[in-house]
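Please look over the sequence and the structure before reading on. The paragraphs below go from the whole chain to single helices, loops and ring pairs.

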Amino acid sequence: MHTLNIGILAHVDAGKTSLTERLLFDHGTIDRLGSVDAGDTRTDDGAIERRRGITIRSAVAAFTVGDTRINLIDTPGHSDFIAEVERALEILDGAVLVLSAVEGVQAQTRVLMRTLRRLRLPTLVFVNKIDRPGARAEGLLQDIRRKLTPHVAPIGAVRGLGTPDARVTPPRYGDELAESLADIDPDLLAAVVDGPAPTPDDLHKALAAHTADGSFHPILFGSALGGQGVSDLVESVVRLIPPAPTTGSTTPRGTVFAVRPGPGGERTAYLRLYDGEVTERQRLTFRRRDADGRTREVSGRVTRLDVTGGGSGPLTAGNIAALTGLAGVRVGDRLGQLTDRAPQFAPPSLETEVSARRPEQAARLRSALLTLADQDPLIHARPTDAGTTALLLYGEVQMEVLAATLAQDFGVEADFAPGRVRFLERPRGVGEDVEERPWHDGTRFWATIGLRVEPGPRGSGGVFAYETELGALPRAFHSAIEETVHTSMRTGLFGAAVTDYRVTLVRSGFVAPLSTAADFRGLTPYVLRRALERARTRLYEPYHAFETEVPLDALAPVTAHLASLGAEFTGTTGGSTAWVITGEIAARRVREAELRLPGLTHGEGVWWSRPSGDRELRSQ
């Protein structure tokens, strides 16, 4: 038996969770269909997810078809959780992108297809809700080719579209598929033009090859609620998506893509294994690279192992298991070397401060936030001087979900300050400072510290290095300096966090037996600040890539408004029924653009944006 790890992806309300329920029900994993509206679905198992009717966290369930086990990963659909989606994509063998035959291609659908094509992940397109009034087929195909990718073709058709009697014809390989594949397959093009005409077997082989390499996407139709077309989808998944190859190595190699807290504080880590084998009681070492560039290791012994769809183990290559007993493990941790591909997503660009509604819960709130941040590296939590906790987030919905999580899982009611755009600083040049057993603020520090600050490579975070001999100071003193450097860099010369820096210890000394680690923690911020002042910094603001679709008569006013907000345009396409405008805009201007768009487009404009990096603040 081989395993396929398949992601179900879609924009909100396209029906992906309903499709997951249908697949599990049809293949005997569950004995009744759950409902998103009723809040009793298998994969949206959290109370918050059921109450809001949206998927927040990636969930895994399995079923078997013949000699193939299919692990379904149901991913979030809301744009605030796009990072959760991309982390799940990393461990997939293929994906099913769900569209609604009624609502059609949405902004989030475009985001997902871009990511899927960038990763060259084998992807099938499933057009759902064919039995709903207003369902479209031909017009939707045109939208898919124009807005997502031209390299698609239907391998089935629908009778009675838009009615309760809608039915799907079995997949077939005809002229439309041949012509579409010929655009990317020279051999098939020659056969179509010069003959002999490709046979259905030729078309199937070409379709399988180009689906497998992520260059082509077959389209299937159906209804998750009614069950039409779902069996054809499953057959196509098995026939067209190959399992991931393994190297044959016996050394375990895998990725943790989700972590769930459990009663008593233990964690359950979901591990996708690429090579080797993992068993209960086995000791594992996971590695991660922190934002400051340092490599961390977390070790632990597996106390329980539950293979998805396969019982108690062992976990073999290609499969997924839930592991307990690994204290300190985080999302994104690697079993094996840190050379695997990593998900590519920009960090959150919104910052908020969280405070306990009841003062007596302040300590519990801080502990809860640090616990959540420790499990998920995308939730950056740090204490502030005002006694609150600062958090980095992607959007307002994520903030609401986090507030509900704190109340439900930790019993803490929290207030969130309005989100503000998070700025960053980077060193301009090189600065250095040395202090030898000085007095500061009336306090004597029995320590000598010399630090040099210089720019690091973009994306490197913060790096601490030594030019002194490692044995020149006791290890505790070295640790005190390094930890204080990274903590102090949370506030730069303009008040923003400093990133992409390299701080080098160029001189050090202590006085035995008077010096303590506290001396080095106390002196380091003074030395570092003066070195940073000599290096100087530049202030950077986050940017979003945006895409907006507007009616033909709204192109001029929309582009004029975006230009007034400082947007930089990268393209304008379309022109037959609507214009699609793409570009980049400062994150602090995004909300203003979103609010103005309906008035400029008579309510017909569609806006999408996501973090895309940062740029130096122009007004500086």
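Accessible areas here come from the Shrake-Rupley method with a 1.4 Å probe. By that method the protein chain exposes about 26,600 Å², and carbon and sulfur atoms supply 49% of it. The model is predicted. A residue counts as buried when its relative accessible area is under 20%, and of the 620 residues of the protein chain, 54% meet that condition. The chain holds 15 helices and 35 strands. Among contacts between residues at least 6 apart in sequence, 73% join residues at least 24 apart.

Two helices can be followed from end to end. Helix α11 covers residues 396-410. Its 15 residues should span 21 Å at 1.5 Å a residue, and the end C-alpha atoms are 21 Å apart, so the two values agree. Buried residues of α11 include Val397, Met399, Val401, Leu402 and Leu406; Gln398, Ala404 and Thr405 are also buried. After α11 comes Gly411, whose phi is positive, near 70 degrees.

Helix α15 is made of 14 residues, 587-600. From its first C-alpha to its last it reaches 20 Å, close to the 20 Å expected at 1.5 Å a residue. α15 also bends by about 25 degrees at Ala593. Ala593 is itself one of the buried residues of α15, together with Ala587, Val590, Leu597 and Leu600. What do the buried residues of α15 pack against? They pack against four strands and a helix named as follows: β23 (420-421), β32 (537-551), β34 (578-586), β35 (606-616) and α14 (555-564).

Just after α15 comes His602, in the loop between α15 and β35. His602 has a positive phi of about 60 degrees although it is not a glycine. Is His602 buried or exposed? Its relative accessible area is 62%, and exposed means over 50%, so His602 is exposed. Arg120 is also not a glycine, yet it has a positive phi of about 55 degrees. The loop that holds Arg120 runs between α4 (107-118) and β5 (123-128). With a relative accessible area of 45%, Arg120 is partly exposed.

Other loops contain cis peptide bonds. One joins Gly195 and Pro196, with omega about -5 degrees. Pro196 lies in the loop between α7 (186-194) and α8 (200-212). The peptide bond from Ala512 to Pro513 is cis too, with omega near 0 degrees, and Pro513 is in the loop between β31 (501-510) and α13 (517-535).

A further loop, between β9 (217-221) and α9 (230-240), contains Ser223. Ser223 is buried, because its relative accessible area is 2%. Leaving aside residues up to four places away in sequence, Ser223 touches Phe126, Asn128, Lys129, Ile130, Asp131, Gln228 and Val230.

The next topic is aromatic rings. Two rings pair if their centres lie within 6.5 Å, and by this rule the count comes to seven aromatic pairs. In one of them, the ring centres of Phe257 and Tyr270 are 6.3 Å apart and the planes stand at 55 degrees, so the pair is tilted. This pair links distant parts of the chain: Phe257 is in strand β10 (residues 253-261) and Tyr270 is in strand β11 (residues 267-275), 13 residues apart. Phe257 counts as buried at 2% relative accessibility, whereas Tyr270 is partly exposed, with 23%.

How are the rings of Phe546 and Phe569 arranged? Their centres are 6.4 Å apart and their planes are at 85 degrees, so the pair is edge-to-face. Phe546 lies in strand β32 and Phe569 in strand β33 (residues 568-574), and the pair links distant parts of the chain, 23 residues apart. Phe546 counts as buried at 2% relative accessibility; Phe569 is partly exposed, with a relative accessible area of 36%. Elsewhere, Phe477, Phe510 and Phe520 form one aromatic cluster.

Charged side chains also lie over rings. Arg444 lies over the face of Trp446, at 4.9 Å from the ring centre. Arg615 lies over the face of Tyr543, at 4.6 Å from the ring centre.

Definitions and conventions
Residues numbered from 1 in each chain as written. Predicted model: local features only at pLDDT ≥ 70, side-chain atom pairs only at ≥ 80, totals over all residues. Heavy atoms only, no water. Helix = DSSP H or I, 4+ residues; strand = E, 2+ residues; numbered from the N terminus. Expected span 1.5 Å × (residues − 1). Bend = angle between axes of the 7 residues up to and from the residue. Buried < 20%, exposed > 50% of the residue type's maximum accessible area, 1.4 Å probe, protein only. Contact = heavy atoms within 4.5 Å. Phe/Tyr/Trp six-rings, centres within 6.5 Å; stacked < 30°, edge-to-face > 60°. Lys NZ or Arg CZ within 6 Å of the ring centre and 35° of its normal.
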